[in-house]
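Please look through the sequence and the structure shown below, and keep both at hand while reading. The paragraphs that follow go from the course of the chain to its charged pairs, its aromatic rings and its surface.

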Amino acid sequence: MAEAAESPGDPGTATPRPLFAGLSDISISQDIPVEGEITIPMRSRIREFDSSTLNESVQNTIMRDLKAVGKKFMHVLYPRKSNTLLRDWDLWGPLILCVTLALMLQRGSVDSEKDGGPQFAEVFVIVWFGAVTITLNSKLLGGNISFFQSLCVLGYCILPLTVAMLVCRLVLLTEPGPINFMVRLFVVIVMFAWSIVASTAFLADSQPPNRKALAVYPVFLFYFVISWMILTFTPQ
Amino acid sequence: MHADVNCGQQWRCPQRARGRGTLPSPAPARAAEPTSPARDCALGPARPAPTGDRSGGRTEGLRFRPHRASSRSCPPGIPALPQREALVDDTEDVSLDFGNEEELAFRKAKIRHPVATFFHLFFRVSATITYVGCDWFSRSFVGCFVTVLLLLSFDFWSVKNVTGRLLVGLRWWNQIDEDGKSHWIFEARKVSPNTVAATEAEARVFWLGLIICPMIWIVFFFSSLFSLKLKWLALVIAGISLQAANLYGYVLCKMGGESDISKVTASFLSQTVLQTACPRDFQKPGLEGLEIHKY
């Protein structure tokens with residue numbers, strides 16, 4: 001039986017006693033199961049990252065991803081060498097740009113039978129297979145960039161060319177002529193150069209120095225083909 | 001704190017944190033309190049104060065309750081109540097967590113995340129339906145292509161980032177460290193008393209949706225290949241790769257450390273086959289014994 005030395009319920013005793021002070025006097029006569037929870041206040045850094053995104057709300061996830069996409073678009077517009085940007089790759093930007101470019105490069109009316117189907121799929125195939133080929137080439141040359149990172153960079157750097165396509169379509173609404181063509185040529189050349197600069201700012205660093213030209217040359221070809229498609233586009 | 005509850009003079013009220021644990025409690029001399037016998041003896045109404053305390057709001061975060069004696073310490077002549085009722089009283093007395101009723105309802109529900117379950121299936125099924133029915137919806141190849149592609153992308157994103165972690169607690173992602181090396185990380189949430197495990201209905205919906213849809217797209221691949229509608233091939237290949245990537249990622253999460261996939265599939269198949277054949281044999285042993293510890 002337990003010895004209850006002092007009575008805690010007695011309001012008369014005004015002396016404050018430390019908590020659990022009397023429990024040391026207790027002896028237990030029967031087995032009472034004890035259960036409880038222990039929370040460890042310190043966590044390793046990896047665990048912290050996990051739990052912070054494991055239980056976040058859906059809205060947070062969406063906003064986080066949208067911000068990441070927006071940041072990458074900004075980086076393409078103002079290319080600057082940044083290692084941290086490349087670490088979080090995502091393929092949303094390339095998808096959006098590819099779809100936009102392919103939509104703008106269609107010819108023919110929307111409701112006819114031959115409604116630009118082959119050209120639409122053609123743009124898709126060129127962009128995605130071109131990017132995959134360049135990535136394989138750069139990996140075979142010994143670059144230390146990962147597959148999806150490279151796809152991400154190449155896809156995002158199509159942004160200037162998409163802008164060029166938009167401008168060309170607007171220019172083509174005016175009357176055709178040599179001036180029309182010169183304007184379009186100028187715009188396409190400027191945007192092409194911009195794409196090359198933006199992508200080499202990210203990709204060239206991953207290559208050993210004597211192989212930089214070998215790695216950059218397929219990128220040059222890739223953007224050249226896309227610029228050619230843009231320049232020679234004429235709506236029927 | 002002690003002054004809030006009238007425990008009676010001879011009793012040392014044990015403190016109980018979070019309502020889940022039991023600290024060793026003193027067994028006071030019963031004979032000294034003839035007017036308030038032990039609660040789990042059959043004289044119900046004469047209960048000591050802490051029970052009545054329940055309606056009057058909560059103390060700072062601790063609950064006090066009198067000693068819960070076993071049946072043999074009831075005064076002679078008074079039969080003891082069965083153990084379960086006493087336990088029910090105990091848990092009622094010490095419900096500390098605010099919103100406990102919602103949590104109980106949450107735990108008991110068969111589908112805890114109805115919106116996530118809906119969206120898990122919605123994008124996949126609508127992508128499939130749009131692909132199949134595109135000839136009826138509109139004659140435009142481009143519109144149909146873009147719609148199906150967008151639906152497939154949204155499906156990939158939502159299954160990877162949202163429904164996997166909500167429905168079954170699995171997650172996979174790619175991380176690139178400072179050296180530029182990429183690591184694929186697969187993780188499964190551990191089931192602890194803090195977190196709830198996935199319900200069976202949700203897990204079933206998740207895995208069936210994950211497995212059946214890529215198979216449907218493989219059928220589409222062959223049908224478009226052999227009927228020579230090659231312009232759809234790019235779309236079908238995109239669909240297969242996106243959905244197969246999710247399936248592969250989650251299978252790897254589920255497998256955890258086991259690297260031998262044939263063993264895992266064999267055990268999974270045998271479990272499901274035997275379970276549907278004789279479900280009663282597969283109830284966890286000792287389940288009745290576990291009921292006592294339900295909170």
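In this predicted model, residues 139-157 of chain B make a span that is 89% helix and 0% strand, and the C-alpha atoms at its two ends lie 28 Å apart. Another span of chain B, residues 205-226, is 100% helix and 0% strand, with 32 Å between its end C-alpha atoms. Both spans appear in the UniProt record, an unreviewed entry, which lists residues 115-133, 139-157, 205-226 and 232-253 of chain B under "transmembrane region". Such annotations may be inferred rather than shown by experiment.

For chain A, the UniProt annotation "transmembrane region", again from an unreviewed entry, covers residues 91-108, 120-141, 147-172, 181-203 and 215-234. Among these, residues 147-172 of chain A are 88% helix and 0% strand, and their end C-alpha atoms lie 38 Å apart. Residues 215-234 of chain A are 85% helix and 0% strand, with the end C-alpha atoms 33 Å apart.

Returning to chain B as a whole, one can count 10 helices and four strands in its secondary structure. Read from the N terminus, the elements follow the order β-α-β-α-α-α-α-α-β-β-α-α-α-α. Chain B has 295 residues, of which 38% count as buried.

How do the charged side chains pair up? Side chains of opposite charge can pair when their charged atoms come close. Over all chains, the structure holds four salt bridges. One of them joins Arg124(B) to Asp155(B), with 2.8 Å between the closest N and O atoms. This pair links distant parts of the chain, since Arg124(B) belongs to helix H4 of chain B and Asp155(B) to helix H6 (residues 141-168) of chain B, 31 residues apart. Are these two residues buried or exposed? Both Arg124(B) and Asp155(B) are buried.

A further salt bridge connects Arg171(B) with Glu187(B), where the closest N and O atoms are 2.5 Å apart. Arg171(B) is found in strand S3 (residues 170-176) of chain B and Glu187(B) in strand S4 (residues 182-188) of chain B, so this pair ties together parts that are 16 residues apart in sequence. Both Arg171(B) and Glu187(B) are buried.

Within a single helix, the side chains of Arg204(B) and Glu200(B) also meet in a salt bridge, at 2.8 Å from N to O. Both residues lie in helix H7 of chain B and are four residues apart, which is about one turn of the helix. Glu200(B) counts as exposed because its relative accessibility is 58%, and a residue is called exposed when this value is over 50%.

The next topic is the aromatic rings. A pair of aromatic rings is described by the distance of the centres and the angle of the planes. A search of the whole structure finds 29 aromatic pairs over all chains. In one of them, the ring centres of Phe206(B) and Tyr250(B) are 5.1 Å apart and the planes stand at 85°, so the pair is edge-to-face. Phe206(B) lies in helix H7 (residues 200-226) of chain B and Tyr250(B) in helix H8 (residues 233-255) of chain B, so the pair ties together parts that are 44 residues apart in sequence. Phe206(B) counts as buried because its relative accessibility is 0%, and Tyr250(B), at 0%, counts as buried too.

Another pair is formed by Phe222(B) and Phe226(B), whose ring centres are 6.1 Å apart with planes at 20°, so this pair is stacked. These residues are four apart in helix H7 of chain B, and are therefore separated by about one helical turn. Phe222(B) is partly exposed, with a relative accessible area of 40%, while Phe226(B) is exposed, at 65%.

One aromatic cluster has members from chains A and B, namely Phe120(A), Phe124(A), Tyr131(B), Phe141(B), Phe145(B), Trp217(B), Phe220(B) and Trp232(B). Elsewhere, a ring meets a charge: the charged end of Lys160(B) sits over the ring of Trp172(B), 5.1 Å from the ring centre.

Finally, the surface carries a nonpolar patch formed by Leu121(B), Val125(B), Ile129(B), Val132(B), Trp136(B) and Phe137(B), which together have about 650 Å² of accessible area. Which helix gives the most to the nonpolar patch? Helix H4 (114-132) and helix H5 (134-137) of chain B each supply at least two residues, and H4(B) gives the most, with four. Ile129(B), one of the patch residues, lies in helix H4 of chain B and is partly exposed, with a relative accessible area of 49%.

Conventions:
Residues are numbered from 1 along each chain as its sequence is written. Chains are lettered from A and ligands numbered from 1 in the order in which they are written. This is a predicted model: local features need pLDDT of at least 70, side-chain atom pairs count only at pLDDT 80 or more; totals for chains, interfaces and linings use all residues. Side-chain values use heavy atoms; hydrogens and water are left out. Patches are made of residues with over 30% relative accessible area and no salt bridge: like charges are joined within 9 Å, nonpolar side chains (Val, Leu, Ile, Met, Phe, Trp, Tyr) within 5 Å. Accessible areas come from the Shrake-Rupley method with a 1.4 Å probe; for residues, only the protein chains shown count as cover. Buried means under 20% relative accessible area, exposed over 50%, partly exposed in between (1.4 Å probe, protein chains only). Rings of Phe, Tyr and Trp (its six-membered ring) pair if their centres lie within 6.5 Å; planes under 30 degrees apart count as stacked, over 60 as edge-to-face and the rest as tilted. A charge sits over a ring if NZ of Lys or CZ of Arg is within 6 Å of the ring centre and within 35 degrees of the ring normal.
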